[in-house]
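Student: Please take me through one part of this model in detail: the protein surface that meets the DNA. Then tell me how the two protein copies are related, and what else stands out in the way of pockets.

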Protein chains: 2
Amino acid sequence: MSILRNIPSGGPNISSVPLRADKFGLSQPFLSVEDRHKLALIASLRHFNAGELICNEDDQATFIFNIASGVAKSYSFLPEGKEIIQGFFFANDLLGFMENGRYTNTVKAITPVVAFQFHVSALEALLRTEPDLQLQFLAKTCHELRLAQQHAIALSQQSAQKRLLMLLNLVRLHNEPQAQAARQIHLPMSRADIADYTGLAVETVSRNLHQLQRQGVIHLISPQCIEIADEHIFTAALAQES
Amino acid sequence: MSILRNIPSGGPNISSVPLRADKFGLSQPFLSVEDRHKLALIASLRHFNAGELICNEDDQATFIFNIASGVAKSYSFLPEGKEIIQGFFFANDLLGFMENGRYTNTVKAITPVVAFQFHVSALEALLRTEPDLQLQFLAKTCHELRLAQQHAIALSQQSAQKRLLMLLNLVRLHNEPQAQAARQIHLPMSRADIADYTGLAVETVSRNLHQLQRQGVIHLISPQCIEIADEHIFTAALAQES
DNA sequence: CGTGGAGTTGAACGATGTCAATCTTAGTGG
DNA sequence: CCACTAAGATTGACATCGTTCAACTCCACG
């Protein structure tokens, strides 16, 4: 496979959570070597610059994408002209969800993105012949559903602080291990993106981040880099009563 | 099949939207007779009273359910002890989504509910041997994801009125055709449920419904029954700028 | 050195949450 | 048949928090 030779990651991959509890515990969160190989056979590699559109809502859906590296945002437009960010896509995520053959969201690269692209028809044909692989896609979709529900939970929080803490916690899980060890959260997105995800105004985002700093929960190193002041205080603030 | 003989609906069924555009348009939103028959072979019928628990978050997931009639609500608990309603399930919906073998939501019947129940292991075995049927489940899950995203859109609305209008519109789609023709929306859920779904206080729900009435958008016939005063004004209010 | 975008800060208004009281309704039992 | 009860729904008064509008700072880039 020429594709497999050209990239370091070893081909398409999907991070997920298994539907059923494995007897080995949380095993098989990623595809097997065989499944990745089968996907590689129908994949081609794409590069997107930061800010570049990956797919557009309501457009005819011809490709499904699997991110190899980089971060993208999925968003829709509200009646008022504002936009809401539905979620962020990271490495090993799937994007290009569709209904009636049309994309249900607009997805734009936030950082430079490298992604595998599959023809919808080729992927569908593969999934029909590989039920086990299809189950992995089902599990991934269930996990996306779970993430969307957690987003709804974040949005239903009254306090701006908690909404922000939930976003920080979400982004944190996708940071490099060394960054996590240093209690640092690297935010690939702008304040406007955070505002659109949390349903707040940009000013409220800024104000409350600084308030969290005054309260000793976080430390604003730079606009894109936040340090957790105290692990214990941070998690306590996430689960707080008030 | 004894099950098929005992129920009028003709066995399990799944309402959905196809992933790909069919050459026949919006065809195949429901399962084929053959698929329903295969599901019936591994299904058993369950009855739930109004208010009865169908499945509980974090519990071992042994069954997946398919509603034949009635309405249920899916909810999670917020740190503050409040609860958020993630969505409502109607006839031909699937429920019992899981991760790591455990339910991700608590589901409770709002009205009396009749549902088919499938053993997870039996359903998984069936889906492995029937990739086409599995694709229907994948499409259904994608549609649930879409609904969760629309819920997030509703929650990100600043105005309480718009959140309520989006809920009314959602419920309306599941009403009986004759009710829709009469421009009536029958709400199976309580004001508290509406509040938990929209992220508002019960009082705010009540106040804004009455305000919508004063504005001539709807007419409150009874707490559980709302009439759309004018179709045009209603849809205009949904898409309004302000 | 100037420019523009992103981020921050300030002040005032307004919508919604909260607390509390009242009203309505369905179900119960005398 | 009627009164009682409890849960759901409504209404009022008030405080709070976030939005809005505006000005300002910071930094990268030419």
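Tutor: Start with A:S206, in what is a predicted model. A polar atom of the A:S206 side chain sits 3.1 Å from a sugar or linking oxygen of DNA strand C. A:Q224 also reaches this strand through its side chain: one polar atom there is 3.5 Å from a phosphate oxygen of DNA strand C. B:A160 uses its backbone instead, with an N or O atom placed 2.7 Å from a phosphate oxygen of DNA strand C.

Now widen the view. DNA strand C is surrounded by 18 residues. The closest are A:R191, A:R207, B:A160, B:T204 and B:R207. Which parts of DNA strand C lie within 4 Å of the protein? Sugar or phosphate supplies 61% of those atoms, and bases supply the rest.

Three helices each give at least two residues to the surface near DNA strand C. From chain A come α7 (191-198) and α8 (202-214); from chain B comes α8 (202-214). The largest share belongs to α8(A), with four residues. By class, the surface near DNA strand C has four nonpolar, eight polar and six charged residues.

Turn to DNA strand D. Here too 18 residues surround the strand. A:A160, A:T204, A:R207, B:R191 and B:R207 are the closest. Of the strand D atoms that come within 4 Å of the protein, 61% are sugar and phosphate.

Individual contacts fill in the picture. A polar backbone atom of A:A160 is 2.7 Å from a phosphate oxygen of DNA strand D. From chain B, an N or O atom in the side chain of B:H210 is 3.3 Å from a phosphate oxygen of this strand. A:E203 goes to a base: a polar atom of its side chain lies 3.1 Å from a base nitrogen of DNA strand D. Two or more residues of the surface near DNA strand D come from each of α8 of chain A, α7 (191-198) of chain B and α8 of chain B. Of these, α8(B) gives the most, with four residues. That surface divides into five nonpolar, eight polar and five charged residues.

How are the two protein chains related? Chain B superposes on chain A after a rotation of 180°, with 0.0 Å of shift along the axis and an RMSD of 0.0 Å. That is how a two-fold axis relates two copies. Both copies use the same surface: 98% of the contact residues of chain B recur in chain A.

Last, a pocket. The second largest one has a volume of about 840 Å³. Its lining counts 37 residues, and the closest to the centre are A:R146, A:L147, A:Q150, A:L170 and A:L173. Both chains build the wall. Chain A gives two or more residues from each of β5 (83-89), α4 (131-155) and α5 (160-172). Chain B does so from β4 (72-77) and α4 (131-155). The top contributor is α4(A), which gives 10 residues. In the lining of this second largest pocket, 19 residues are nonpolar, 13 polar and five charged.

Notes:
Residues are numbered from 1 along each chain as its sequence is written. Chains are lettered from A and ligands numbered from 1 in the order in which they are written. This is a predicted model: local features need pLDDT of at least 70, side-chain atom pairs count only at pLDDT 80 or more; totals for chains, interfaces and linings use all residues. Side-chain values use heavy atoms; hydrogens and water are left out. A residue is near a molecule or strand if one of its heavy atoms lies within 4 Å of it. A polar contact is a pair of N or O atoms within 3.5 Å; within protein, one must be able to donate a hydrogen and the other to accept it, and residues adjacent in sequence count only if both atoms are side-chain atoms. Ala, Val, Leu, Ile, Met, Phe, Trp, Tyr, Cys and Pro count as nonpolar, Asp, Glu, Lys and Arg as charged, and the others, Gly among them, as polar. Copies are superposed by least squares on the C-alpha atoms of residues with pLDDT of at least 70 in both. Contact means heavy atoms within 4.5 Å. On a 1 Å grid over the protein atoms alone, a cavity is a set of points where a 1.4 Å probe fits but cannot get out, and a pocket is an open set with protein on both sides within 12 Å along at least five of seven lines; lining residues have an atom within 4 Å of a point. Grid points are joined across faces, edges and corners, and a volume is the space filled by probe spheres set on the points.
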